[in-house]
Amino acid sequence: MSGNEELQQKVIEWFKRNSHEGRTKFYLKDVVKGLSGEYEKRDIQKAVNDCTVAGTLMYFSTGSTTMLVLSENFPKSVT
């Protein structure tokens with residue numbers, strides 16, 4: 001497993017550990033803060049981007065802000 005694949009797995013684990021009822025969407029800065037003790041900011045950002053390309057994470061936008069959410073927790077219909 002390459003370093004980036006390992007970091008992508010850590011990102012997914014972070015989301016699963018911190019996602020709970022009522023709190024499933026996070027800012028990129030939340031993820032960076034949560035993993036910054038182990039990894040560099042740029043590496044975390046790249047891993048998050050790779051997770052969105054792979055479809056594991058999705059962007060959620062309200063129009064004024066953009067957050068990240070696990071694809072399994074993405075709202076099915078937003079009105």
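**Exercise 1. Which residue of β3 does F26 stand opposite, and how is the sheet around this pair arranged?**

Solution. In this predicted model, F26 stands opposite L68 in β3. The next step is to place the strands: β1 and β3 run antiparallel and are joined by 2 bridges, while strand β2 (residues 57-61) and strand β3 (residues 66-70), also antiparallel, are joined by 5 bridges. Put together, the strands form an open sheet of 3 strands in the order β1-β3-β2, with antiparallel pairing. Since β1 (25-26) and β2 each have a single partner strand, they stand at the edges, and therefore one side of each is left without a neighbour in the sheet. As background, strands of a sheet pair through backbone hydrogen bonds, either parallel or antiparallel.

**Exercise 2. Trace the pairing of β2 with β3, including the turn that links them.**

Solution. Begin at S61, whose bridge partner in β3 is T66. β2 and β3 form a hairpin with 4 residues between them, and in this turn G63 has a positive phi of about 105°. Further along the ladder, Y59 stands opposite L68 in β3; L68 is also the residue of β3 that F26 stands opposite. Finally, consider the surroundings of β3: because 4 of its 5 residues are buried, β3 is largely enclosed by the rest of the structure. One element that packs here is α3, which lies across β2 and β3 and runs at about 95° to β2.

**Exercise 3. Describe how α2 and α3 cross, and decide which class of angle applies.**

Solution. The axes of helix α2 (residues 28-35) and helix α3 (residues 41-54) come within 10 Å and cross at roughly 125°. To classify this angle, recall that 65 to 115 degrees counts as roughly perpendicular and over 145 as roughly antiparallel; α2 and α3 are therefore oblique to each other. As to handedness, α2 passes α3 in a right-handed crossing. The contact brings L28, V31, V32 and L35 of α2 against K41, I44, Q45 and V48 of α3, and its residues divide into 6 nonpolar, 1 polar and 1 charged.

**Exercise 4. Determine how α1 is set against α2 and against α3.**

Solution. Take α2 as the first partner: helix α1 (residues 3-18) packs against α2 at an angle of about 105°, with the two axes 11 Å apart, which makes α1 roughly perpendicular to α2. On the α1 side the contact uses K10, V11, W14 and F15, and these meet D30, V31, G34 and L35 in α2. By residue class, this contact divides into 5 nonpolar, 1 polar and 2 charged.

Turn now to α3, against which α1 packs at an angle of about 80°, with the axes 9 Å apart; α1 and α3 are therefore roughly perpendicular to each other. Here N4, L7, Q8, V11 and I12 in α1 meet D43, I44, K46, A47, V48, D50 and C51 in α3, and the residues of the contact divide into 7 nonpolar, 2 polar and 3 charged.

**Exercise 5. Is A47 buried or exposed, and which residues does A47 touch beyond its neighbours in sequence?**

Solution. A47 is found in helix α3. With a relative accessible area of 0%, A47 is buried, the cut-off for that class being under 20%. Leaving out residues up to four places away in sequence, A47 touches N4, L7, Q8 and V11, and these four residues are listed on the α1 side of the contact with α3. For V11 a separation can be given as well: V11 and A47 lie 36 residues apart along the chain, whereas their C-alpha atoms are separated by 7.4 Å.

**Exercise 6. What is the relative accessible area of D30, and which residues is D30 in contact with outside its neighbours in sequence?**

Solution. D30 is found in helix α2. The relative accessible area of D30 is 21%, so D30 is partly exposed; the range for that class begins where buried, under 20%, ends. Setting aside neighbours within four places in sequence, D30 is in contact with W14 and R23, and W14 is also listed among the α1 residues that meet α2. As for the position of D30 relative to α3, D30 and Q45 are 15 residues apart in sequence and 11 Å apart in space, C-alpha to C-alpha, Q45 being one of the α3 residues that α2 meets.

Note on methods:
Residues are numbered from 1 along each chain as its sequence is written. This is a predicted model: local features need pLDDT of at least 70, side-chain atom pairs count only at pLDDT 80 or more; totals for chains, interfaces and linings use all residues. Side-chain values use heavy atoms; hydrogens and water are left out. Axes are lines fitted to C-alpha atoms, for helices over the stretch in contact, and angles run from 0 to 180 degrees between N-to-C directions. Angles under 35 degrees count as roughly parallel, over 145 as roughly antiparallel, 65 to 115 as roughly perpendicular and the rest as oblique. A crossing is left-handed if the near helix is turned anticlockwise from the far one by less than a right angle, and right-handed if clockwise. Contact means heavy atoms within 4.5 Å. Ala, Val, Leu, Ile, Met, Phe, Trp, Tyr, Cys and Pro count as nonpolar, Asp, Glu, Lys and Arg as charged, and the others, Gly among them, as polar. Two strands pair if DSSP finds at least two bridges between them. Buried means under 20% relative accessible area, exposed over 50%, partly exposed in between (1.4 Å probe, protein chains only).
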